[in-house]
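Load the model in your viewer and keep a selection panel open. The stops below move from enclosed spaces to an open one, then to a strand.

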Amino acid sequence: MSNPTPPAGPPASSDVEGLRTRLEELLPQAISDLEDLVRIPSIAFEGYDTEPVRSSAEAVASLLREAGMAEVSIESVAGGAPAVIGRTPAREGRPTVMLYAHHDVQPTGPLEDWTSAPFEPQRRGERLYGRGAADDKAGVMAHVTALRLVGDELAAEGIGVTVFVEGEEEAGSPTFRPFIETFRERLSADLIIVADSANWAVGVPSLTTSLRGLVDVVVEVRALDHAVHSGIFGGPVLDALTQLSRLLATLHDEHGEVAVQGLSRAEDPAVDMPEADFRRDAGVPEGLELAGSGPLTAQLWTRPALSVIGIDAPAVREASNTIVPAARAKLSLRIPPGQDPATAMTALTEHLQRHAPATARVTVHQGEQGKPYQARQDAPAMALARQALQTAWGAEAVDTGLGGSIPFIADLLEVFPEAEVLVTGVEDPESRAHGIDESLHLGEFAHVCLAEALLLRGAGELGTDQAVSSEGTA
């Protein structure tokens, strides 16, 4: 393999302005198509109707055909949700770029908490509101719009493009690995662009260069074989909820730092964010202290974070005067780049068992494990991406981490070890992905589409002998 060379300089301003003009013409249709996608309640979680997920896949397939993809099909493996593969194969000796997004969405949460119906997209100011408007149907439409902009140019240059739109990412991508192994030949690429992340701020683009991994468990505390009267038996027996609460309290020290031994930290990031911005974006009221110590970006990107995300216990309105015999909690542990998920799982399990009260039986049910990711900073495609982002936004791109996890990136790197992976996104700190009133900033969406078109245009400069591995690590 030859030594990589830097990509060519910035595109001529006339070329960029031509793309901007064309993008302005395409944006109304792109936003309309996005609104149509948002109207489909494509929740791939167990217990939800699967037909909307199929309808969503069919809508994406139709968009890719309309965008000029030579081959488009809907596929699934092992009973998984339908995914869409679109391909325009490369000419021999030319590189192939894979564009990833997902068309499934998170459940809505309480409908009454939404300002407008989650599956009825609504524009308010510069934002489009609706479930999936940002995460990740905007990612789908960014790919489609970029192909509408430069697809013909790419075909003329012989650059291959594969679009892979998954249908179960929000549900944990349970069949992702067998899917990409089954369709390895059709998905093989030199450069993979994952459009499922966020930018630093409105007006400031970013490349996501690290991701935390994920470990989750359900811990069950049983104090009694069955419920008993709290007056007759209360005293010698502590209820399961009290004992579970005491166990959960051992997970953090008095400062809010994770107290589980055996978890690692990565190096602190070079950038930090103002506390006021974090409070605004996270919805932390003034007057409440923040947990932990050190830079906020380190706490969010390169250190472990442990949260209780669910508890099984009687609801207050249904509570009777009985001692609760058993209670369960689900714990979500985010692990930094460099941490092995299996080691983190063992550390968390051993902590819970070591701190189990003598007055109850504690059982730990191990769940999902996802690897963290660290990109190689000096890869040629990284330089090309930074250049495209700066041109599209008119602002220098920031290299950022992401506290959330995208475990399948490790699978992509293992199945396609010669590929380079770039993680980009359409969200901003106000998008509220997964939350109530999720939204997309339409101006940022336009920048994303232009940047991806420029990146695709420049992919031919990398050459197949320059598409070296990003060396993502667990």
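Start by selecting Ala81, Ala83, Phe164, Glu166, Gly167, Glu168, Thr175, Phe176 and Phe179, which line the second largest cavity. On a 1 Å grid over the protein atoms alone, a cavity is a set of points where a 1.4 Å probe fits but cannot get out, and lining residues have an atom within 4 Å of a point. Two elements give two or more residues to this lining: β6 (160-166) and α4 (176-182). Helices (H or I, at least four residues) and strands (E, at least two) are DSSP runs, numbered from the N terminus. The volume here is about 50 Å³, where a volume is the space filled by probe spheres set on grid points joined across faces, edges and corners. By class, the lining has five nonpolar, two polar and two charged residues. Ala, Val, Leu, Ile, Met, Phe, Trp, Tyr, Cys and Pro count as nonpolar, Asp, Glu, Lys and Arg as charged, and the others, Gly among them, as polar.

A word on the source: this is a predicted model, in which local features need pLDDT of at least 70 and side-chain atom pairs count only at pLDDT 80 or more, while totals for chains, interfaces and linings use all residues. Residues are numbered from 1 along each chain as its sequence is written, and side-chain values use heavy atoms, with hydrogens and water left out.

Next, select Leu389, Thr424, Val448, Ala451 and Glu452, which lie nearest the centre of the largest cavity among its 13 lining residues. This cavity holds about 120 Å³ of space. Show α13 (442-462) as well; α13 gives the most to the lining, with four residues.

For an open space, select Thr209, Pro269, Ala270, Gln377 and Asp399, the closest to the centre of the second largest pocket out of 17 lining residues. A pocket is an open set of points with protein on both sides within 12 Å along at least five of seven lines. About 280 Å³ of space lies in this one. The largest share of its lining, four residues, comes from β16.

Finally, select strand β9 (residues 213-222), where nine of the ten residues are buried (under 20% relative accessible area, 1.4 Å probe, protein chains only); the strand is therefore largely enclosed by the rest of the structure. Add β13 (residues 326-335), which pairs with β9 in the antiparallel sense over ten bridges; two strands pair if DSSP finds at least two bridges between them. Gly213 stands opposite Ile335 in β13. Then add β14 (residues 361-370), joined antiparallel to β9 by eight bridges, with Val362 as the bridge partner of Val221.

Methods
Buried < 20%, exposed > 50% of the residue type's maximum accessible area, 1.4 Å probe, protein only.
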